[in-house]
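Student: Could you help me look at the empty spaces inside this protein? I would like to know how each label is earned.

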Amino acid sequence: MKKAITILLILTTFATGALCVLSRMTRDTKAPVISVPTEMITYEEGSDKTLLLAGVTATDDRDGDVTANVRIYDIAVMEDGHSAQIIYAAYDSSYNLGKRFRTVGYKPARKNVDMTDEMYDIISDDIDVANKSTTEVTIEATTEATTEEVTFPYITLTSDSKSINVGEDFDPMSVIDEVEDDNDDRNSLFNRIDLEGEFDTNSAGTYNLIYSVRDSEGNRSKEVKFTLTVKEH
């Protein structure tokens with residue numbers, strides 16, 4: 001009887017080990033592959049990122065087309081100041097993160113020039129001269145300054161941290177609570193969410209992520225920090 005029990009325990013242990021090996025062999029650990037267009041484009045700082053996403057696709061060996069999951073991970077301006085490196089990221093249903101680099105032309109944002117007191121005096125003198133002519137020129141029409149209030153989108157998370165066990169799934173988009181803007185709708189903003197930082201659900205550790213969102217006019221929200229803790233069982 002004891003011998004039979006011993007054999008049964010050996011078989012059970014062998015079966016459990018085989019299942020663990022099979023589970024590891026079938027686990028999806030391959031990240032999606034991102035493809036980018038070959039034509040050269042130029043990105044102006046602060047402009048809509050839709051141009052950078054045009055024609056970019058992603059495929060996964062198991063999920064197929066995952067282009068909808070492509071995000072712009074980062075924009076790094078090169079030392080020459082005239083080009084930038086775009087870093088794309090895409091994840092599959094197993095949250096394997098794939099990246100792709102692309103070099104594009106770059107233009108810095110245009111800066112508004114404020115009117116100085118000297119410039120104002122010159123304009124005022126010109127107005128005085130014009131008033132002496134037969135054409136009436138009003139100061140209001142010449143010196144009126146137009147100001148436009150700039151509003152920024154915002155993003156909130158359901159929490160600022162989360163803990164999971166090694167091997168568990170984590171969807172970085174699942175912790176987003178709200179994204180709002182005075183002009184853009186929620187769906188449009190979701191395509192412009194930026195996520196900085198990396199994580200690996202198969203390795204124990206603490207991962208710091210930073211979320212932000214840009215509207216269609218290039219205005220960027222405040223950054224929101226999130227901590228993901230992956231623990232051993």
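Here is a short talk about cavities and strand pairing in this predicted model.

Student: How many cavities of 30 Å³ or more does a search of the whole structure find?

Tutor: The search finds 2. The largest has a volume of about 120 Å³, and the second largest holds about 40 Å³ of space.

Student: Why is the largest one called a cavity?

Tutor: A cavity is a set of points where a 1.4 Å probe fits but cannot get out. The space of about 120 Å³ was found as such a set, so it is called a cavity.

Student: What makes Tyr73 a lining residue there?

Tutor: A lining residue has an atom within 4 Å of a point. Tyr73 is listed in the lining, so Tyr73 meets that cut-off. Others in the lining include Leu97, Met173 and Ile193.

Student: Which strand gives the most to this lining?

Tutor: That is S6, with 3 residues. Strands S5 (71-77) and S11 (193-196) each supply at least two.

Student: What classes make up the lining of the second largest cavity?

Tutor: There are 3 nonpolar, 1 polar and 3 charged residues. Lys49 and Asp194 are among the lining residues, and Lys and Asp count as charged.

Student: How do you know that S11 and S12 pair?

Tutor: Pairing needs at least two bridges. S11 and S12 are joined by 4, so they pair, and they run antiparallel. Ile193, for one, has Val213 in S12 as its bridge partner. Ile193 also lines the second largest cavity.

Methods: Residues numbered from 1 in each chain as written. Predicted model: local features only at pLDDT ≥ 70, side-chain atom pairs only at ≥ 80, totals over all residues. Heavy atoms only, no water. 1 Å grid on protein atoms, 1.4 Å probe; cavity = no way out; pocket = protein on both sides within 12 Å on 5 of 7 lines; lining within 4 Å. Points joined across faces, edges and corners; volume = space filled by probe spheres on them.
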